[in-house]
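This report introduces a protein structure to a reader who has not met it before. It treats helix packing, strand pairing and salt bridges in turn.

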Amino acid sequence: MEIILNINGRDEAMEALATDTLMSAMRRAGYYSVRYGSDSGETGAAAVLVDGRLASSEVLLVGQVIGRRIETVEGLTGRVGELHPIQRAFIETGAIQSGYSTPAMILAAKALLGHNPNPSEAEVRDALSGVLCRETGYVKPVEAVLRAAAYLRGEEPGPYEGPEIVDASYVAEMPPGDDDLAGPETPLSPFQPPIATETRPQTDIVLTSKIPETAVVGKPETKVDAVKLAKGNPAFVDDMEMRGLLYARLLASPHAHARIVDIDDSQALALPGVRAVIHYQNVARVKYASGGQSYPNPPPHDQVSFDNKVRHVGDRVAAVAADSPEIAEEALKLIQVTYEVLPAVFDENEAIQPGAPVIHDEEDTAGIHDAGRNVVHHIAAEVGDVAQGFREADHVFEHTYTVHQVQQAPIEPHIAISWWDADERLVIRTSTQVPFHVRRMVAPLLGLPVSRIRIIKPRIGGGFGAKQEMLIEDIVGHLTIATGRPVRLELNRSEEFRSSRTRHPQTITFKSGVMADGRLHSMEMKVVGNTGAYGTHGLTVQTVTGLRGLSSYNCRHRRFDCLVVYTNLPVPGAYRGYGGPQALFALESHVDEVAHGLGLDPIEFRRKNWVQAGDTLPIAPLLGEGEKEAVHFEPVIQSCGLHECFEQGLKAIGWERRNQPNWGQVPGKPHLRRGLGAAMCMHGTAIPGLDMGGASIKINDDGSFNVLVGATDLGTGSDTVLSQIAAEVLGVPLSDIIIYSSDTDMTPFDTGAYASSTTYISGTAVKRAAEQVADQVRERAALMLGLAQWRDIRLENRQAVAADGRAVSLEKIALHSLHQDQQRQIMATASYVSMDSPPPFAGQFAEVEVDVETGQVTVTRLVMAVDAGVAINPITASGQVEGGMTQALGYGHCEEMAYDETGRLVNDAFGPYHIYRADEMPWMKAILVQTHEPSGPFGAKAIAEIPKDGVAPAIANAIFDATGIRVRRIPFTPQRVYRALQGTGDREQGTGGGGERVTG
């Protein structure tokens, strides 16, 4: 039926039912800024303004808004090239990462500023609290709203300079106090979290080495995709229309472990509008491993598209394609499945006990270490003689820690659309981090050669590792092949929790032998890793856990022993940090415990033992990615800013307060205790000898350049960073670089966005391609200027400048080469793979308040000082730190996947699964400590994953500082902390003798 809605100031007729959700009606009408996050509206991604108030269109019906005023971001500006002041502020401050929820945040700001032109920070955070963000940490969106408020008041806040760049000696003279941490309106005691009028960026850059002066690299350039994201332009997988589109739905297992005796799909197929039903009886059984990793995928290949056995609640059973989502949903109810329910096991330690249910008893899976014991892999590595080291040590400490299962929770769930193109090649448009891996992996499942498949990756609404997987692309491919029609499959929020990917739970035991002078002498790390129902990423995540746990500190003897174990939990996979957060929680808690056990200052104990530039990483060659990694030497650390990270972080958090009398007491609140905690972090940059990126660059008639890369921008800003690298080499502003990425037909190969590799690997490929193009430009300039030599020609300010001062513009060079004389296309292609993996370093610091009557832990301040080499773009780099710390805060503090006794996830929705809102955040500060990494492009190394590593142990150590209680299991829920405070924590909590052994 035709319904009239008033949208952005004008009446618009649309075909809709009064009972349709407003979101579905708006998207059908082309308002793509209104985006799905969940069916119950918690994310706010589908927010619109209704009569000036923010409302979620996912839970509003069309009939409820007839006659009311609806606004979307499409209505903020009328013409191409125009920006509303709020959009402008979001772009300038770097408040946009993936941009999926940016339109909703902009509308929230508009609603606030419409009635409050001069809001406080607290009021801004309250206004943004209805829009969940998994990326930014809310720091820059808050700054954006305050900046927009100034614009709308008629003020000109001046150019946004991004993070403050300060000399290290300057910072040393400026310990934080009232003026540093508070706004101008209300006096605060030193180190109190700032009040709402705080507006300056909470990011400093500390220069610790001489960095060459550059024109574009190292500058706070705005993101190249910021305008389209701020305006809500079509950018994501679902922001397109296709004639004849079918809608797919997934039938998932209600049982944690069962055999499928039979499937009867006859009633579903008889339902009008149903076009196909697929399951194990009509889809070929082709074995694969779903992890998006380089060829050949690590074993075991223990999955098929549809199996006759299900191994977790949410496992695939069947899929339906129909004319509408409603018909597809109804068809699922008509599929009759007969199950033989089997015993299930969920704990990794129970799964390896005699008599435990065998999860993979099929005969056609190779590469399982011991299927009868549910052991997927046994990983062992040793340097030196650990047993001898323990005998030689003066003190030996042993502690056991437990880390849990969490979900990446990107606001955009997995979604893919497939169709046959005009040449009858299969095109899959998908939200993936690894388009080239997906193409290679999906081809044998669909029975098509790689040459007949094209994967397109548009903008992604967050990935964090969940999308480093070939997860649903085979389903839409099978359905398009079966129907000949385009097919769309989008997971709902519950499916994203149950049927997507998660972080690996682990049980970790550290045993350390220490000499009388406080030096680590022997370390053993034992891990039992829970890989859930399938082994995807099981080998490599646990390998990284060992590498991170045994590389951060110098120690003569080291041993890693790990069992990777099947259970009937939903499948873990890649998640930002990739085994590092698990390792660092255990390691940095253990190191803190050892220091206290020896009566040593925990910071000085770390300093005495941590690695520095010039040190080697002796266990690294033993913990590669299976047989593939081609590094057989001990890597040498070439850059390390750890000392400066700790110096700056300790000052920023106010570490010396721990020495003040009664600082741990909160005046007037005798039930609260305050504490400070620290953690050292070390991560990696790319997988050496394996990760590869390619780039192609060509000049256009006007002297601008097209850059084609296979690298995948997840919202991290990699398109911007790679463009900055190209612009720097070619001597042009960023606006002269047009970048295209992630289309397997059109762009060079790239392994994908994971392992913190993009800036380092793809950036070097871009730099090399740009250097070749620059040389061709110089040659052409020499021809035009009549010069015999061209190597001393400089490229700057869109010109080629000879040593004698004569210059020719790049536009003239382009026209000359393309049209006038000895014509040729100036272009080049380059690729790069590195044998190095330079580690970034960081110091993480936390301040907490613990309610000793309830066990409630409140994190009041977080500071992270990061050595990531040269920050190619300080704004995007600091945004990665802020967003990563926020995710890490959830990991350590409140996020947890909870199951009933049958293996059913009971909190498969936001709310019950709690992620931080804007109004719940502690005060945060990111400090970028610049070193120069000689192997990286312009001195850069990784930054994206290390912010996930240190928050949980820093909180654990702060809780101990506040209460004297150790809690060795995360997250630090009130119940868990309360039991520890009462001395009733059982072995599960890791607070008693079962979790600790000390000798010497």
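## Packing of two helices

In this predicted model, helix α17 (residues 538-549) packs against helix α18 (residues 580-598) at an angle of about 35°, and their axes are 8 Å apart. The crossing of α17 and α18 is right-handed. On the α17 side the contact involves V541, V544, T545, R548 and G549, which meet G580, Q582, A583, L584 and L587 of α18. By class, this contact of α17 with α18 has 5 nonpolar, 4 polar and 1 charged residues. A general point helps in reading such a list: an α-helix has 3.6 residues a turn, so residues three or four places apart point the same way.

## An enclosed helix

Helix α15 (residues 473-483) is largely enclosed by the rest of the structure, because 8 of its 11 residues are buried. The buried residues are E473, D474, I475, V476, G477, H478, L479 and T480. After α15 comes G484, which has a positive phi, near 75°.

## Sheet and strand pairing

Strands of a sheet pair through backbone hydrogen bonds, either parallel or antiparallel. In this structure, an open sheet of 5 strands follows the order β2-β1-β5-β3-β4, and its pairing is mixed. Its edge strands, β2 (10-15) and β4 (53-56), each pair on one side only. From one strand to the next, the twist averages 45°. Strand β3 (residues 47-50) and β4 run antiparallel and are joined by 4 bridges; L49 has L54 in β4 as its bridge partner. Helix α4 (residues 102-115) lies across β3, β4 and β5 (69-71), and runs at about 25° to β3.

Further along the chain, strand β23 (residues 665-666) pairs with strand β24 (residues 669-682) in the antiparallel sense, over 2 bridges. V666 stands opposite K669 in β24. The two strands β23 and β24 form a hairpin with 2 residues between them, and G668 in the turn has a positive phi of about 80°. Strand β24 also pairs with strand β32 (residues 841-851), again in the antiparallel sense, over 11 bridges. Here G677 stands opposite A846 in β32.

## Salt bridges

Side chains of opposite charge can pair when their charged atoms come close. The structure holds 65 salt bridges. The table gives the distance between N and O atoms for some of them.

| Salt bridge | N to O distance |
|---|---|
| R69 and E71 | 2.9 Å |
| D225 and R459 | 2.6 Å |
| D592 and R966 | 3.0 Å |

Within the pair of R69 and E71, R69 is partly exposed, with a relative accessible area of 39%, whereas E71 counts as buried at 13% relative accessibility.

The salt bridge of D225 with R459 ties together parts that are 234 residues apart in sequence, because D225 lies in the loop between β7 (203-207) and α9 (226-230) and R459 in the loop between β18 (453-456) and α15. Both D225 and R459 are buried.

The salt bridge of D592 with R966 ties together parts that are 374 residues apart in sequence, because D592 lies in helix α18 and R966 in the loop between α25 (951-963) and α26 (974-981). D592 counts as buried at 4% relative accessibility, and R966 is buried with a relative accessible area of 11%. Elsewhere, salt bridges that share partners join R27, R35, D238, D239, R488 and E490 into one network.

Methods: Residues numbered from 1 in each chain as written. Predicted model: local features only at pLDDT ≥ 70, side-chain atom pairs only at ≥ 80, totals over all residues. Heavy atoms only, no water. Pairing = 2+ DSSP bridges. Axes fitted to C-alpha atoms, helices over the stretch in contact; angles between N-to-C directions. Contact = heavy atoms within 4.5 Å. Buried < 20%, exposed > 50% of the residue type's maximum accessible area, 1.4 Å probe, protein only. Left-handed = near helix turned anticlockwise from the far one by under 90°. Nonpolar A, V, L, I, M, F, W, Y, C, P; charged D, E, K, R; others polar. Salt bridge = Lys/Arg side-chain N within 4 Å of Asp/Glu carboxyl O.
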